[in-house]
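Me: Got a model open here and want to go through its surface and strands. Can you take my questions as they come?

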Amino acid sequence: MDCVLNRMELRGNISTRLRQCTAYADDILITARTTQAMIDRSVKLENESLNYGLTVNVHKIKYLKCCRRQDQLKHINIENKEIEQVRSFKYLGSTVNTDNTKEEEIKERIALGNKAFFANKKIFQSKLLSKNAKLELYFSVIRPVVTYARETWMLKETITNRLMGFERKILRKIFGPTYENGS
């Protein structure tokens, strides 16, 4: 795959070139300013891949168009292959969408954190583990699931409150109820 990408002449960045490719293992993201530039780069990727005996899975190809106005979704044809337009997709575990918001991804992350907690519920309810051990388990297993790719998030107050609410819920499960005034 590295040889394929090296042959695609990808020097420069999106401000100096019409198109770019981002690749990690076999996940490839083509960024282009125009539809034609994206089609050209897709065809070049497929042709270069064939030279090395690799094929592009047509069923996994999607495209996302980012613009200020929401157009109706439509498909495009690249060499007689219909490519579906989507409003969002996952790339390396993070959701990319047309309006560049993270609310849906964070909701999904919190749901995954709940799944991780309930998968380990017996451990968190165990009387054999100390509260500090349970806290370490939370910080090392559950919290990373929820905060994956957090460096890319622009947090609004509502999202921050939702994340803090999740953490408080888990901490209440670990520490149990607290009593005011010692009673």
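**Patches and strands**

Me: Before the details, what kind of model is this?
Reply: A predicted one.

Me: Start with charge. Which residues form the positive surface patch?
Reply: K121, R168, R172 and K173 form that patch.

Me: Which helix gives the most to the positive patch?
Reply: Helix α6, residues 157-175. This helix puts 3 residues into the patch.

Me: Where is R172 found?
Reply: In helix α6.

Me: And is R172 buried or exposed?
Reply: R172 counts as exposed, because its relative accessibility is 52% and the cut-off for exposed is over 50%.

Me: Switching to greasy surface. Which residues form a nonpolar patch?
Reply: M1, Y52 and L54. Together these residues have about 260 Å² of accessible area.

Me: Where does L54 lie?
Reply: In a loop. The loop runs between α2 (35-51) and β3 (62-63).

Me: Why does L54 count as partly exposed?
Reply: Because L54 is at 34% relative accessibility. Partly exposed covers values between under 20%, which is buried, and over 50%, which is exposed.

Me: New topic, the hairpin. In which sense do β6 and β7 pair?
Reply: Antiparallel, over 4 bridges. Strand β6 covers residues 88-91, and strand β7 covers residues 94-97.

Me: How many residues are between β6 and β7 in the hairpin?
Reply: There are 2. L92 sits in the turn and has a positive phi of about 55 degrees.

Me: Give me the register. What stands opposite F89 in β7?
Reply: V96.

Me: And opposite Y91 in β7?
Reply: S94.

Me: Now the sheet. What is the order in the open sheet of 3 strands?
Reply: The order is β3-β5-β4, and the pairing is mixed.

Me: Which strands stand at the edges?
Reply: β3 and β4 (76-78). Each has a single partner strand, so one side of each is left without a neighbour in the sheet.

Me: Staying with β4, how many bridges join β4 to β5?
Reply: There are 3 bridges. β5 covers residues 81-85, and the two strands run antiparallel.

Me: Last one. What is the bridge partner of N77 in β5?
Reply: E82 is the partner of N77.

Note on methods. Residues numbered from 1 in each chain as written. Predicted model: local features only at pLDDT ≥ 70, side-chain atom pairs only at ≥ 80, totals over all residues. Heavy atoms only, no water. Patch = residues over 30% accessible without salt bridge, like charges linked within 9 Å, V, L, I, M, F, W, Y side chains within 5 Å. Areas by Shrake-Rupley, 256 points an atom, 1.4 Å probe, with all protein chains shown as cover. Salt bridge = Lys/Arg side-chain N within 4 Å of Asp/Glu carboxyl O. Lys, Arg positive; Asp, Glu negative; His and termini not counted. Charge placed at Lys NZ, Arg CZ, Asp CG, Glu CD. Buried < 20%, exposed > 50% of the residue type's maximum accessible area, 1.4 Å probe, protein only. Pairing = 2+ DSSP bridges.
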